[in-house]
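Student: I should like to learn how to read the features of a structure that is new to me. May we go through the model together?

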Amino acid sequence: MLMMRNFCGGCGRKITGVNNMLLRSAASMPKTKPNYDEMPSTSDYNAARRKAAPPVAVGIKLGAPAIHKQEKPIAALRSDEWTVATSSASPGNYLQLSKARLSALVTVTAIGGFAMAPGLFVLPAFASCAVGTALMSACANSYNQFLESPYDSQMKRTQARVLVVDKISPLHAAIFGTTAGLAGFMLLWVGANPLTATLGLANVLLYAGVYTPMKRHSVACTWAGALVGAIPPLMGYAACCGTLDAGAFVLAGLLYAWQFPHFNGLSWNLRADYSRAGYRVMCVTDQELCRRTTLRHAVALVGLCSVAAPLSDLTTWTFAVDSLPFNAYMVYLSYKFYKQPDAKTSRTLFRYSLIYLPAIMLLMVVSSYGRTPPKDGARPVKEAEHVEHIS
């Protein structure tokens, strides 16, 4: 114990001596002020800190998964990495709000109905029908997006729509839709006839007021949507003739039946999206029904083209034969989808449906020449009567 006490005491005396020596050396140093110019600035420190920072997750676009990238100043981000949502009244945004390609297809079917009607071709009525139908379609699609924007943001297919990303405000969308609808209705009423305008208004109400909300509540929404697609050819037919007959309803039936292979083929590969957004469409709630209705309506197209169209004098009997290859291939693709529903068969069916409709309508227009002339009771709209109506 004595030896340990002597050792600790010696170490303590040595440490105290070293501390005293360091204090005397520091006191003897000259007094100088620090040079702040040589010290690192705050910006240099932050730059060095950012350079040494570990990778962080940066979100790329709306809805895309986060990926790991080095943190960058905002100014250095590329345009495909960072976007600022700003409302814009550019024509392109309103074309997207109108679903321009869908509106073009609707207008084409109305023009097909006008061409198939047994009345005389009157240019003002034709132009009013085409432009008015396009405006009514733009109105319906605008209100459809206005009502569905909260759910569109949950679907990959629709999450880039103009209302979802705030390129157009909901108020602007409602004003645009109302203006387009009023303009289209007045143009159809004055330039064509009241029957055509009434059909157009009914179609807007059916699409925006029935079909759109029904998608979240009932599988019957597909049948309501098929009715929406069947009305535009009736509008074209009525714009030319001023009335509807058996041939007009056969043409509408053709568009109605076509909707099922078309939409079911499209929706099959989007089941996850529709389910995520809460839409109760056939491909989500009843896949067996989806497959059956596809095949059933494909077979119905054969009967409509090869039997009903010639019997109603909508076309000649040559159309019954000429349309068989198109309808046979539609039935074949629908049967393949029914037996083996997968991404390939559904996609092939959907793509063929886009070719089928314009091809069949063009063939109908060509085959309509040589039909039995309309009787006096059919009352095709004559040019003099049309001029009297619009004057």
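Tutor: Let us start with one pair of side chains: Glu288 and Arg291 meet in a salt bridge, with 3.0 Å from N to O. Please keep in mind that this is a predicted model.

Student: Where do Glu288 and Arg291 lie?

Tutor: Both belong to helix H12, which covers residues 287–311. They are three residues apart, about one turn of the helix.

Student: Which other salt bridge does Glu288 form?

Tutor: The side chain of Glu288 also meets that of Arg292 in a salt bridge, at 3.9 Å from N to O. The general idea is a cut-off: a salt bridge requires the nitrogen to be within 4 Å of the carboxyl oxygen, so a distance of 3.9 Å counts. Glu288 and Arg292 are four residues apart in helix H12, again about one turn of the helix. Through shared partners, the salt bridges join Glu288, Arg291 and Arg292 into one network.

Student: Are the members of this network buried or exposed?

Tutor: The general idea is that a residue under 20% relative accessible area is called buried. Arg291 is buried because its value is 18%. Glu288, at 32%, counts as partly exposed, and Arg292, at 34%, is partly exposed too.

Student: How many salt bridges does the whole structure contain?

Tutor: A search of the whole structure finds five. One of them joins the side chains of Arg276 and Asp273, at 2.5 Å from N to O. Both residues lie in helix H10, residues 271–277, three residues apart. Asp273 is buried, with a relative accessible area of 7%, whereas Arg276 is partly exposed at 41%.

Student: I should now like to read a pair of helices. How do the axes of helix H4 and helix H5 cross?

Tutor: One asks how far apart the axes are and at what angle they cross. The axes of H4 (residues 100–116) and H5 (residues 123–152) come within 9 Å and cross at roughly 145°. H4 passes H5 in a right-handed crossing.

Student: Which residues of H4 and H5 meet?

Tutor: From H4, the residues include Leu102, Val106, Ala110, Ile111 and Phe114. On the H5 side, Phe126, Cys129, Thr133, Ser137 and Asn141 are among them.

Student: How do the residues of this contact divide into nonpolar, polar and charged?

Tutor: The contact of H4 with H5 has eleven nonpolar residues, five polar ones and no charged ones.

Conventions: Residues numbered from 1 in each chain as written. Predicted model: local features only at pLDDT ≥ 70, side-chain atom pairs only at ≥ 80, totals over all residues. Heavy atoms only, no water. Helix = DSSP H or I, 4+ residues; strand = E, 2+ residues; numbered from the N terminus. Buried < 20%, exposed > 50% of the residue type's maximum accessible area, 1.4 Å probe, protein only. Axes fitted to C-alpha atoms, helices over the stretch in contact; angles between N-to-C directions. Left-handed = near helix turned anticlockwise from the far one by under 90°. Contact = heavy atoms within 4.5 Å. Nonpolar A, V, L, I, M, F, W, Y, C, P; charged D, E, K, R; others polar.
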